[in-house]
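The exercises below are meant to be worked with the sequence and the coordinates at hand. Each task is followed by a solution that proceeds step by step.

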There are 2 protein chains.
Amino acid sequence: MRQMNEPPVGKPERARTGLSRRGLFGLAGAGVAGVAIGGASVGAVVSGGGATNAAGVSTAYPFFGAHQAGITTPAQDRLHFAAFDLSATTSRDDLIALLKDWSFAAARMTQGQDVSESGAVNGSPLAPPDDTGEALNLPASGLTITIGFGPTLFTTDDGVDRFGIASKKPALLASLPRFSGDALKPGNGGGDLCIQACADDPQVAVHAIRNLTRIAFGRASIRWSQLGFGRTSSTSTSQVTPRNLFGFKDGTANIKAEDPMTVNDQVWVGTDDAAWLAGGSYLVTRKIRMIIEAWDRVMLGEQEKVIGRSKGEGAPLSGGTEFSPVDLEAEGAAGQPLIDSNAHVRLAHSSMTKGSQLLRRGYNFVDGNDELGRLDAGLFFISFQRSPQQFIDVQSSLSRDALNEYVKHVSSGVFAIPPGAASGSYVGATLFG
Amino acid sequence: MRQMNEPPVGKPERARTGLSRRGLFGLAGAGVAGVAIGGASVGAVVSGGGATNAAGVSTAYPFFGAHQAGITTPAQDRLHFAAFDLSATTSRDDLIALLKDWSFAAARMTQGQDVSESGAVNGSPLAPPDDTGEALNLPASGLTITIGFGPTLFTTDDGVDRFGIASKKPALLASLPRFSGDALKPGNGGGDLCIQACADDPQVAVHAIRNLTRIAFGRASIRWSQLGFGRTSSTSTSQVTPRNLFGFKDGTANIKAEDPMTVNDQVWVGTDDAAWLAGGSYLVTRKIRMIIEAWDRVMLGEQEKVIGRSKGEGAPLSGGTEFSPVDLEAEGAAGQPLIDSNAHVRLAHSSMTKGSQLLRRGYNFVDGNDELGRLDAGLFFISFQRSPQQFIDVQSSLSRDALNEYVKHVSSGVFAIPPGAASGSYVGATLFG
């Protein structure tokens, strides 16, 4: 349960200095904000830990660490993602203060605590509560909060260096090229900053984005956002492979946390990129609208041919069971390839993508319905990789994907994901420190 | 687990006659559809039952019974609601066939089965699958499917009796009057038919609405729809009271299934209404957008005064703990009422609503964000009552509610909820039989 009346485990004296309301809302001028929390006080909540709910034990993941959580963390069931623009400030101090405030609140919320010591109900009755309260009494629910920096944070589209960090922009951090099948809607992608909130309880994920949005008031505001209700990838061998809205298992061949060699090779930025980004990653988001009505009219055999796997088991059509390797050379009795030349699994196979692999972490979405009574549904694709080029390699190979007839990409985003914050520091400290 | 390769428990010979694809999609002319399934075959799936998932036992509620499920059923965590218009047919046979097809598929899905025997993967590879497949391997997850009839099903707004049922329209079934604070968006409410799908797994609720929408093809299409991620009411004393997006516990004083006298008195239609509706209910939906940014700036003491309860415990300001009765007469030391004259709990109290009570079953929603970067969030209010007048009584009393400053109602719907289908029959049989 949220430990509202108990001091955090660890260093209660420091934690009690907490986050002032001024810091939270920046109402008194943003210059004050960063000062109020300081580096050290953030660390005090690290050791606040696991939470238990009525149904059993709920997981709490540490916010601080070498890498940010929410990447190799076993994919939680629900998502609330938001991209922000720093529309209300051009002050470097404001940006740093915002990142400190976000880190402070994120460190608390991921441990099942309110955003500050006074939280939702322990403050003055004569002041607005620091925390909006809808997650009171809910456990941490596996919440992770992952913060990223878009290309425009470093240089606006007009070339302006608002925050004095243009020189530190990673060479790889740039909007993605146009792909065949792109139908991007203006204003529905990109962003100066992003936050990925994943949790096993959607109320906890929504609470996190809502409160981090509130904390950003006067500095940044939401540019676009997305809820996802069902994960479409496993990132751990301990997880069952979920299904996307085409009804197929998704993410069978995903990079798994239990394969650290591939994770290091494909996910974490090394020493060959901007120094401040070492131990970080790149995040790509693609909102993929599925034309589900058309797909639903395709015969089962054709659906399986398009994907290259069986619908039930998820086994490659070259034979075996779900986790059998895909044999791209396998042929049927008549000499025809068992995996079609345009099948999704063939074109996404690392042998077709210059060896590039992605750690996928996407979610199913339904955003109501369109005016024709069709569900506005699809896949909110998320991938992490050590270079956006990996995504470009994969997506370029998929340009001949038979699946393209049933999808269109309506939003695109790319963000640099800083390494995790050291205890007592904040996400982005390596950039500004 | 979905019992895809096993015959349903009970009467497998009959179940095997199952639902033909023709029946499912009405592609071959809707007149065929009802014939294909007949009454008796529907009953065969009743006894298919409980399902178990990796995490433990998952609940399966019977579809057939005296009342429809999804009313006094303990409120599940997630919602997908859809309203439909019969835009593509004026045939009474089509309507009856649709209700039979929906009942057939609903009876199966609520037991964790695919929509038909051949389902997602057991049909011909040369035909589109009957089931879209995204709930394969998922347990029933407490799914309930509740079907309702809007006023326009009986008579269009132009007075047309499309289906020969105008004479059976209940006198109470009419669009709600305009209330203060209404900001209804055209086309965003009402509907000829509705389906409420509730489940503890959103993928299961979405799967249900998607497949029932697909089954309706050529007969009805979605008019509007809504996903909800967190329940805002308990309908059983066994449930913890959840919180709405104002951060307050919601539904503390809700009607609970364990109080059958109140349920009978307030929820189920008796013999004093249309005969075909006895054992049914009326469903009211109100999409209530919350102005959460304004609310979040209100001081804690004022928030509690507006609601009339404490934010943490949810106790009435007249004293006690969460479930203490609200004492509307209690006064403070200075003689002031402890429950403010415009407090929400006062105006919603049955002493202020001519004794009318509601069984509430609402959900929190976030539909992304608006163009100003504010979360498009609120409460999708659902209530069941034996007469829409009860809702009108309550909502009229709430016209002076201090909370109105922070909400606006953007969608409204009212539906007659037929009684449950007898085993081997379908929802609506009492109307058409």
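**Exercise 1.** In this predicted model, determine how many residues of helix 6 of chain B are buried, and check its end-to-end span against the expected value.

*Solution.* Begin with accessibility: 14 of the 14 residues of helix 6 of chain B are buried, and the helix is thus described as mostly covered. Next, take the length: helix 6 of chain B covers residues 202-215, and at 1.5 Å a residue its 14 residues should span 20 Å, a value with which the distance of 20 Å between its end C-alpha atoms agrees. Finally, look at the start of the helix, where a side-chain oxygen of Asp201(B) comes to within 2.8 Å of the backbone nitrogen of Gln203(B).

**Exercise 2.** Characterise the contact between chain A and chain B by its residues, its buried area and its salt bridges.

*Solution.* Count the participants: 57 residues of chain A and 57 residues of chain B take part. The two chains bury about 4,300 Å² between them, with 58% of that area on carbon and sulfur atoms. Of the area that chain A buries against chain B, Arg210(A), Asp296(A) and Leu300(A) supply 14%, more than any other three residues. Then turn to the charged pairs: there are four salt bridges between the chains, and Arg210(A) forms a salt bridge with Asp296(B), at 2.8 Å from N to O.

**Exercise 3.** Locate Asn369(A) and identify which side chain it joins in a polar contact of 2.5 Å.

*Solution.* Asn369(A) lies in strand 10 of chain A, residues 363-369. Its side chain makes the 2.5 Å polar contact with that of Ser225(B). Leaving aside neighbours within four places in sequence, the residues in contact with Asn369(A) include Arg374(A), Ile222(B) and Trp224(B).

Conventions: Residues numbered from 1 in each chain as written. Chains lettered and ligands numbered in written order. Predicted model: local features only at pLDDT ≥ 70, side-chain atom pairs only at ≥ 80, totals over all residues. Heavy atoms only, no water. Helix = DSSP H or I, 4+ residues; strand = E, 2+ residues; numbered from the N terminus. Polar contact = N/O pair within 3.5 Å; in protein donor to acceptor, adjacent residues only side chain to side chain. Contact = heavy atoms within 4.5 Å. Expected span 1.5 Å × (residues − 1). Buried < 20%, exposed > 50% of the residue type's maximum accessible area, 1.4 Å probe, protein only. Buried area = accessible area lost by both parts, 1.4 Å probe. Salt bridge = Lys/Arg side-chain N within 4 Å of Asp/Glu carboxyl O.
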